[in-house]
Amino acid sequence: MIEPLTDELGCSMPSTRRYLKAAGYYSSFTHNGKWYTLKSIPRFDRDGLWFHELIGFSRAGSLTGTLIQLVGRSPAGLTAQQLGVKLRCRCHSVLVQLCRHGKLARQPMGRSHLYLAVDQPVQAAQLQVLAGNQPAAALPAEIAVLILAEFIRQPELSFEELAAVVGGNRQLNLKTAQVADLFARHGLKKTTRAAKPKPYGP
């Protein structure tokens with residue numbers, strides 16, 4: 001930690017931080033980033049993680065960066081429990097904040113939530129894998145037209161939001177994967193955006 005390291009070096013804390021920067025270091029994503037290690041020490045696993053006892057370090061740096069990277073690289077998204085096992089720490093509250101700030105997406109899965117990438121092509125691929133690598137049920141032509149018309153009116157809407165808007169208007173149980181599949185079938189691309197804050201509960 002920075003305080004005992006400063007004592008060992010016999011210099012000020014700003015000087016210690018300069019020495020660390022010059023030498024190259026990682027700060028932990030656990031314990032509020034209070035632990036440091038030299039860049040030459042970690043041997044990261046395939047997830048870009050390395051642990052010294054209960055102290056975790058990541059190639060992505062912070063906990064938020066690590067969560068975004070892990071979810072984005074997962075073929076079918078990850079739950080908070082799965083991420084907690086990988087990271088050996090609780091991360092539910094951080095995941096909720098990332099969703100509120102448009103850094104991650106999520107959808108209900110039983111009693112929990114599945115966290116997905118916000119990049120629409122990546123998210124569409126994750127949803128398709130989640131569905132068992134089977135294409136989503138093809139939509140009737142009239143519903144497909146309604147979705148595309150709504151997209152033209154509001155191109156900022158995500159797949160999830162398009163499903164909710166069109167499904168709500170027509171009282172249909174329209175799934176996010178069906179909308180994603182529609183875009184994939186027609187080779188349509190969506191740009192990402194920062195989502196508006198949503199009142200997600202714990």
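Which residues have the most contacts inside the largest nonpolar core? Select F29, L67, L83, L87, L95 and Y115 in this predicted model. They lead a core of 19 residues by contacts inside it.

Next, color the elements that supply this core. Strand 3 (49–52), helix 3 (63–73), helix 4 (80–87) and helix 5 (92–100) each give two or more residues. Apart from this core lies another, of 16 residues. To find that second core, pick A124, L157, F159 and L162, which are among its members.

Return to Y115 and show its contacts. Leaving out residues up to four places away in sequence, Y115 touches V71, G77, L78, T79, A80, H92, L95, V96, C99, A105 and R106.

Now select residues 105–109 and 112–116. These are strand 6 and strand 7, paired in the antiparallel sense over 5 bridges. At A105, look across to strand 7: L116 stands opposite. Then go to the turn. The hairpin has 2 residues between the strands. Here G110 takes a positive phi near 65°.

Last stop: the cysteines. Select C99, one of the contacts of Y115. Is C99 buried or exposed? C99 is buried, because its relative accessible area is 5%, under the 20% cut-off.

Move to C89 and draw a distance to C91. Why is there no bond from C89? The closest cysteine sulfur, in C91, is 5.6 Å from the sulfur of C89, so the two are too far apart for a bond. The cut-off for a disulfide is 2.5 Å. By that rule, the model has 0 disulfides.

How values were computed. Residues are numbered from 1 along each chain as its sequence is written. This is a predicted model: local features need pLDDT of at least 70, side-chain atom pairs count only at pLDDT 80 or more; totals for chains, interfaces and linings use all residues. Side-chain values use heavy atoms; hydrogens and water are left out. Two strands pair if DSSP finds at least two bridges between them. Helices (H or I, at least four residues) and strands (E, at least two) are DSSP runs, numbered from the N terminus. Buried means under 20% relative accessible area, exposed over 50%, partly exposed in between (1.4 Å probe, protein chains only). A nonpolar core is a set of buried Ala, Val, Leu, Ile, Met, Phe, Trp, Tyr and Cys residues joined through side-chain atoms within 4.5 Å. Contact means heavy atoms within 4.5 Å.
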